[in-house]
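Here are a few exercises to work through with the model open beside you. Try each task before reading its solution.

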Amino acid sequence: MKTTSDLLAAALDDHRAGHVDRAAVAYRRVLDAEPDNAEALHLLGLTERQAGRVDTAVALMTRALQHAPSMVEARLNLANTLSVRGDRDGALALWRSALALDPSNVAAWHALGAASAGAGGAGRAGAIRALRRAARLEPGRAEIHHDLGVLLRQDDLNEEAIACQRRALSLQPGMLSAWMSLGNALLEEGEIEQAEAALKRALCLSPDRPEIWFNLANLYYRQADLESALTCYRRSAQLGLPAARARIVATLVDQGRDAEAEAALAAYLPLDGTDVSSCLEYLYLLLVRGGRQVEARSIFTRLETIPLAGRIYPVECRTALSALDLADGDSAGAVARLENLRSDNCWMFTVRSLAALERTRRQQGWHWQRATNPDPTRPRLTSTTLGNRGRFAHNVLEYVLLRLYAEQQGCVLETPDWVGGAYFELDDPVPSGPLPPWPFCRRILNGFVTGERQGEAPVDRDALSPLFLYEYPLAVRDRVRSWMRPRPQWAPWIDPPVDALRAVGNTVVAIHIRRGDFLHYGYPITETQSYVDWLRDLWPTLDKPVLYLASDDIPAVRSAFREFRPVTLHDAGPAWPGLEFLQDFHVLTQADIVGISAASGFSQLAARLNERASLCVEPDMATGGIKPFVGWV
Amino acid sequence: MGYYDMVESCWQLSDAALNYVKNAGRAVETPELWEKVFAPSPLVDQERTLRESPQRDKIFLKSPYGLQYRPDQKDWVPFRHGPVDLSNENNI
């Protein structure tokens with residue numbers, strides 16, 4: 001007579017041979033005799049998962065673990081199943097528990113690494129650490145090197161990322177995604193020929209993958225070979241990648257083929273998956289460029305209530321109308337149109353903020369005319385994304401890199417209307433004409449600015465976001481700070497909160513806690529308790545301290561700090577309607593001690609510009625504590 | 001301290017051994033690593049390691065974990081030598 005072990009072994013052979021149904025019958029038979037047999041519960045759970053019955057699979061594997069908590073394989077399979085079901089936290093806990101049982105389990109380290117990096121970078125350091133361990137444990141697994149390379153590139157460790165993809169390809173030369181990742185990483189390094197070769201290899205392996213055509217199109221776009229870029233974006237769209245549609249429109253706009261761009265918009269805007277937000281910005285640009293402002297008003301008014309690609313886009317439409325109001329000199333109307341809208345849309349942020357600044361200027365009655373290019377014989381540099389990709393600090397930090405590069409290369413820096421340009425005493429001329437697009441140039445700009453890259457520097461280009469310095473050299477600190485001085489006319493709005501704080505304390509401690517979209521996009525979240533614990537130690541050592549809290553969600557964070565009787569903008573001065581973020585920003589630049597919100601460019605920028613602070617700190621995400629922030633190195 | 005934190009500490013000790021070899025810029029024998037890295041670590045169960053691993057190629061920690069040397073990869077890889085109780089999630 002066959003034992004349970006014999007039955008299970010035979011069933012497992014069937015399972016491995018692909019006879020899943022037959023194996024499931026045998027597992028059930030074992031469970032009829034031994035309902036608590038952990039092995040059978042686990043394996044039956046696997047067959048259920050293979051059949052797409054995820055809930056039953058989870059229930060069976062959970063029961064298996066109740067009877068045999070040390071079964072590593074069941075933990076891994078349950079974790080994978082939970083991950084498929086979208087229960088990321090449950091999966092992470094199980095992978096960790098598997099590692100508690102078997103600390104050198106490659107599959108667990110690999111899965112933990114692949115799953116634990118949040119979209120906004122929260123957890124990326126831990127994910128990289130986990131994948132490095134997996135790679136050490138099993139150096140011959142191409143997938144691990146590939147996944148590690150992808151995360152390293154996201155973490156700006158591009159050279160190491162390239163090495164990882166090359167290692168993956170040496171182990172598995174036909175690994176499509178490694179060729180694609182290698183191509184993209186090389187493109188970022190400016191290694192165009194090698195990047196093109198890598199992407200073409202990927203295409204040879206899979207000519208019907210739209211992502212590869214998209215990436216090759218990006219490469220041609222980067223080279224200002226717009227015709228080739230257009231061909232590849234079109235193939236990508238044809239093969240089903242919706243993201244390619246907005247890029248087709250962008251390329252046609254860059255080529256000045258406005259009628260074709262408009263026709264493409266008409267075709268794409270109703271389609272599911274289209275990046276409607278970007279397409280509406282292009283539509284605005286085309287209409288204004290064509291001198292069709294009246295028509296633009298009518299179109300965007302109509303589109304406000306018409307579903308596009310499945311939903312309505314009131315924010316983008318009202319932003320377009322507000323921008324038209326602003327161009328017509330009706331700043332109050334422009335502000336009013338966007339007043340009650342809540343959105344993360346960057347274009348809306350820029351238009352709303354510029355309208356509010358313009359309204360203040362008009363109320364104050366001073367004249368403001370942007371400069372034109374003083375020397376058309378000099379090379380030029382611009383960034384058309386300065387006003388519609390990212391918000392205040394994002395744009396300021398991009399401006400810093402652009403201006404350092406422009407000054408180094410003797411270029412005239414021409415900027416579109418952007419919030420930093422209006423708020424600070426900057427006098428860059430307006431764009432005097434279109435320039436060829438220059439995407440993926442961050443690394444190259446950094447290389448020239450730091451002196452690491454030599455040779456002929458590209459000029460006469462439209463450098464596109466993202467454009468941040470990798471490091472902020474002490475050598476340029478005073479120069480950068482000299483650029484970023486608020487226009488004196490804004491003093492009646494930005495000085496009173498600082499004065500109010502100084503009136504009640506000798507040491508202004510300003511802490512910024514970012515919430516809002518950080519929660520939604522998976523960016524690192526600052527735990528208020530870390531700052532509270534830190535303040536408890538620091539507070540008694542300070543001379544008559546006063547705490548200022550800056551946050552996009554004051555109601556959620558204020559109570560945590562109540563023992564320090566925090567002051568917010570609401571208590572410290574009249575609000576500057578629509579521009580309260582600039583008042584918070586100014587306090588952060590004038591405080592004696594600055595607490596930065598984790599990964600927030602806003603408070604990092606304020607700390608970098610602060611000439612008075614004796615101490616700047618930020619959350620230490622690894623330890624949960626607070627550590628010094630070094631803004632300039 | 002949860003089990004996963006112990007695993008993390010174990011890996012950090014492995015990292016320390018790798019860094020020592022890297023900084024030395026030469027082949028480092030296990031007795032030297034024992035003397036310079038493992039023995040000074042408060043994590044290590046010296047008595048058990050001395051007793052059960054005469055070649056010092058297996059390092060027992062006071063936790064349920066340890067490090068063993070993999071000559072083919074020239075690396076110190078964690079292993080588990082003691083029981084763990086995962087019935088309580090807080091232990092992880």
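**Exercise 1. Salt bridges**

Task: Find how many salt bridges the structure holds over all chains, and work out which parts the pair Glu227(A) and Arg257(A) ties together.

Solution: Keep in mind that this is a predicted model. Start with the total: over all chains, the structure holds 46 salt bridges. Now pick out one of them, where the side chains of Glu227(A) and Arg257(A) meet at 3.0 Å, N to O. That distance passes the test, because a salt bridge needs the nitrogen within 4 Å of the carboxyl oxygen. Next, place the two partners: Glu227(A) belongs to helix 14 (residues 226–238) of chain A, while Arg257(A) sits in the loop between helix 15 (243–254) and helix 16 (258–268) of chain A, so the pair ties together parts that are 30 residues apart in sequence.

**Exercise 2. Where the chains meet**

Task: Describe the interface of chain A and chain B: what area is buried, and which residues and helices of chain A supply it?

Solution: Begin with the contacts, which involve 18 residues of chain A and 20 residues of chain B. Together the two chains bury about 1,600 Å², with 58% of it on carbon and sulfur atoms. On the chain A side, Pro103(A), Arg133(A) and Arg136(A) supply 39% of the area that chain A buries against chain B, more than any other three residues.

Then turn to the polar side of the interface. Four salt bridges are counted between chain A and chain B; one of them joins the side chains of Arg129(A) and Glu8(B) at 3.4 Å, N to O. The interface also has 11 residue pairs in polar contact, both partners at pLDDT 80 or more.

Finally, assign the touching side of chain A to its helices. Helix 6 (88–101), helix 7 (106–116) and helix 8 (124–137) each supply at least two residues, and helix 6 gives the most, with six residues. By class, this side of chain A divides into 10 nonpolar, two polar and six charged residues.

**Exercise 3. An enclosed space**

Task: Find how many cavities of 30 Å³ or more there are, and say what lines the largest cavity.

Solution: The count comes to one cavity of 30 Å³ or more, and the volume of the largest is about 30 Å³. Its lining includes Leu397(A), Tyr472(A), Arg608(A) and Trp632(A). Helix 22 (392–409) and helix 32 (601–609) of chain A each supply at least two lining residues, with helix 32 giving the most, three residues. Sorting the lining by class gives seven nonpolar, no polar and one charged residues.

Notes: Residues numbered from 1 in each chain as written. Chains lettered and ligands numbered in written order. Predicted model: local features only at pLDDT ≥ 70, side-chain atom pairs only at ≥ 80, totals over all residues. Heavy atoms only, no water. Contact = heavy atoms within 4.5 Å. Buried area = accessible area lost by both parts, 1.4 Å probe. Polar contact = N/O pair within 3.5 Å; in protein donor to acceptor, adjacent residues only side chain to side chain. Helix = DSSP H or I, 4+ residues; strand = E, 2+ residues; numbered from the N terminus. Nonpolar A, V, L, I, M, F, W, Y, C, P; charged D, E, K, R; others polar. 1 Å grid on protein atoms, 1.4 Å probe; cavity = no way out; pocket = protein on both sides within 12 Å on 5 of 7 lines; lining within 4 Å. Points joined across faces, edges and corners; volume = space filled by probe spheres on them.
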